Amino acid sequence: TSSYDSIELYEENQLKEFEEFIYEKLINAIETQKNISDEISSIDKEILEQEKFKEDKQKGFIGRENTLNKIENYVLNDKTNEPLVIYGISGMGKSALIAKAIDNIFKTKKIKLIYRFVGATQNSTNIKNLLISICDELANKNIIEDIKEYEIEEYKFFKQINEILTNIEKSIVIFIDALDQLQFKDCLEWLPKKLNKNIKKE
């Protein structure tokens, strides 16, 4: 019996040491990840999360070459100054199409792009956060000056964003997918009816 008790006690101590070892490793891993996360700016986090969503969406995508060509032709057409709208019923694969179009344009033409998939991140679930995120990335890419303060009142905020997008002087393409899924849908007052020749919006 004493021999059995000794073995049982030994195994219990070994298990406890193993649990403590695993716990310590987990804590260290969490702290390391937290430190890395803290070093990444909020806009960089948004970009990384949006990129991951884009990559996931286009997995297994095939076909639709005609539509992809039309999107590319729109982007490259300097004479077009109106936003391009892609619409269709839910489940048709519009998000996958947009994800593929983004990759095609970026890889073949090396054009500066900003894209947002509505609902892919916490900052893309309502219109105000979405537009602030886009403007912050525009500033991050030196397309516009840093925005010191955003208007609080909705009407003034939309007017502010409209003016920012209207006055962009550097070339940029902006993709926004699934605007219809936004919380508190707006009437697109923030979107210029006529785009500056340096900006394309889809």
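With a relative accessibility of 67%, E169 counts as exposed in this predicted model. The residue sits in the loop that links α6 to β2. Although E169 and N196 are separated by 27 residues in sequence, their C-alpha atoms are 7.7 Å apart in space. A glutamate in a helix offers a useful counterpart: E72 belongs to α3, and E72 is buried, its relative accessible area being 19%. The cut-off for buried is under 20% relative accessible area, so the value of 19% places E72 in that class.

These two residues belong to a chain whose secondary structure amounts to 6 helices and 3 strands. From start to end of the sequence, the elements follow the order α-α-α-α-β-α-α-β-β. The chain has 202 residues, of which 33% count as buried. Sequence separation is also worth a look here. When contacts between residues at least 6 apart in sequence are considered, 75% of them join residues at least 24 apart.

The next topic is the interior. The largest nonpolar core holds 46 residues, and the members that touch the most other members are L138, I161, I174, F175 and W190. Several elements contribute at least two residues each to this core: the helices α3 (65-76), α4 (94-109), α5 (127-140) and α6 (154-166), together with the strands β1 (113-117) and β2 (172-177). Helix α5 provides the largest share, with 8 residues. The surroundings of L138 can be followed in the structure residue by residue. Once neighbours within four places in sequence are set aside, L138 is in contact with I114, I143, I144, L165, I168, I172 and I174.

Helix α5 also packs against α6, and the pair can be described in some detail. Their axes lie 11 Å apart and form an angle of about 30°. Angles under 35 degrees count as roughly parallel, and α5 and α6 are therefore roughly parallel to each other. The handedness of this crossing is left-handed. On the α5 side, the residues that meet α6 are I127, K128, L131, I132, C135 and L138, and their partners in α6 are F157, F158, I161, I164 and L165. Sorted by class, this contact comprises 10 nonpolar residues, no polar residues and 1 charged residue. Two residues of this contact, L138 and I161, have already appeared among the core members that touch the most others.

A second helix pair, α3 and α4, gives another view of packing in the chain. The axes of these helices come within 10 Å and cross at roughly 50°. That angle makes α3 oblique to α4. The crossing of α3 with α4 is right-handed. Helix α3 takes part through T67, L68, I71, E72, V75 and L76, while α4 contributes L97, K100, A101, N104, I105, T108 and K109. By class, the α3 contact with α4 contains 7 nonpolar, 3 polar and 3 charged residues.

This contact leads back to E72, one of the α3 residues that meet α4. Leaving out residues up to four places away in sequence, E72 touches I105, T108 and K109. Each of these partners is listed on the α4 side of the helix contact. Buried at 19% relative accessible area, E72 can thus be located in the structure by its place in α3 and by these partners.

Conventions. Residues are numbered from 1 along each chain as its sequence is written. This is a predicted model: local features need pLDDT of at least 70, side-chain atom pairs count only at pLDDT 80 or more; totals for chains, interfaces and linings use all residues. Side-chain values use heavy atoms; hydrogens and water are left out. A nonpolar core is a set of buried Ala, Val, Leu, Ile, Met, Phe, Trp, Tyr and Cys residues joined through side-chain atoms within 4.5 Å. Buried means under 20% relative accessible area, exposed over 50%, partly exposed in between (1.4 Å probe, protein chains only). Helices (H or I, at least four residues) and strands (E, at least two) are DSSP runs, numbered from the N terminus. Contact means heavy atoms within 4.5 Å. Axes are lines fitted to C-alpha atoms, for helices over the stretch in contact, and angles run from 0 to 180 degrees between N-to-C directions. Angles under 35 degrees count as roughly parallel, over 145 as roughly antiparallel, 65 to 115 as roughly perpendicular and the rest as oblique. A crossing is left-handed if the near helix is turned anticlockwise from the far one by less than a right angle, and right-handed if clockwise. Ala, Val, Leu, Ile, Met, Phe, Trp, Tyr, Cys and Pro count as nonpolar, Asp, Glu, Lys and Arg as charged, and the others, Gly among them, as polar.
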